[in-house]
Amino acid sequence: MDAVRLILTSRRALAGSGEVAEILTEVWQAQALAQAIGSRLAVFGPPELRGEALGLTELAGRGCGVLDAPELAPGELRAAQLTELGDARQALLYLGSLLSEVGIALVGITCAAPDEGTYWQCMEAIDAADESRDRVLEMLRKLADREQAVPAREAG
């Protein structure tokens with residue numbers, strides 16, 4: 001499945017989740033998907049994105065690592081369903097939105113955390129989602145720079 005479809009599926013699932021455990025599962029799924037997209041971009045993406053894509057892979061992996069891994073049935077891991085990136089710019093735009101929504105969901109849990117462990121787990125996950133989103137924004141900036149450089153080279 002292509003990246004944008006998986007991101008949209010994750011956004012709908014996150015928006016539709018209600019209980020803390022459900023939300024944390026969707027946050028974990030989103031971070032795993034960001035990790036898979038970063039990995040795919042690092043290998044197959046434009047060369048100027050590879051460093052940032054590796055950083056995204058590492059940060060999103062940290063985002064998964066600070067949360068308890070959910071028990072998923074076979075085939076429920078969205079990141080494993082990623083077969084193609086499609087348009088890198090579009091995938092990154094959607095991924096940035098998903099990571100913003102992840103941060104907002106985590107803030108909501110943090111504000112009403114039932115215990116100190118959940119609070120700190122969510123705080124670390126917020127940091128990872130925020131830093132992952134920063135990497136996505138940097139990759140979008142690099143893509144925009146690249147798109148501006150191509151017409152300049154063709155005109156010169």
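**Reading helix α1, T118 and the nonpolar core**

Mentor: In this predicted model, D2 caps the N-terminal end of α1, with a side-chain oxygen 3.0 Å from the backbone nitrogen of V4.

Trainee: What makes the pair formed by D2 and V4 a polar contact?

Mentor: A polar contact needs N or O atoms within 3.5 Å. The oxygen of D2 and the nitrogen of V4 lie 3.0 Å apart, so the pair meets that limit.

Trainee: How do you know that the span of α1 is close to the expected one?

Mentor: Helix α1 has 14 residues, and its first and last C-alpha atoms are 20 Å apart. At 1.5 Å a residue, 20 Å is expected.

Trainee: Why are the buried residues of α1 said to line one face of the helix?

Mentor: These residues are A3, V4, L6, I7, S10 and L14. Viewed down the helix axis, they fall within an arc of 160 degrees, so they line one face. R12, A15 and G16, on the other side, are exposed. The cover over the buried residues includes α2 and α4.

Trainee: Why is T118 called buried?

Mentor: Buried means under 20% relative accessible area. T118 has 12%, so the term applies. T118 lies in helix α5 and touches I109 and A113, leaving aside residues up to four places away in sequence.

Trainee: Which residues have the most contacts inside the largest nonpolar core?

Mentor: They are I37, L41, L92, L95, V102 and L106, in a core of 45 residues. Helix α2 gives the largest share, 12 residues. Beyond four places in sequence, V102 touches L14, V27, A30 and A129.

Technical notes
Residues are numbered from 1 along each chain as its sequence is written. This is a predicted model: local features need pLDDT of at least 70, side-chain atom pairs count only at pLDDT 80 or more; totals for chains, interfaces and linings use all residues. Side-chain values use heavy atoms; hydrogens and water are left out. A nonpolar core is a set of buried Ala, Val, Leu, Ile, Met, Phe, Trp, Tyr and Cys residues joined through side-chain atoms within 4.5 Å. Buried means under 20% relative accessible area, exposed over 50%, partly exposed in between (1.4 Å probe, protein chains only). Helices (H or I, at least four residues) and strands (E, at least two) are DSSP runs, numbered from the N terminus. Contact means heavy atoms within 4.5 Å. The expected span of a helix is 1.5 Å times one less than its number of residues. The arc is that of the directions from the helix axis to the C-beta atoms. A polar contact is a pair of N or O atoms within 3.5 Å; within protein, one must be able to donate a hydrogen and the other to accept it, and residues adjacent in sequence count only if both atoms are side-chain atoms.
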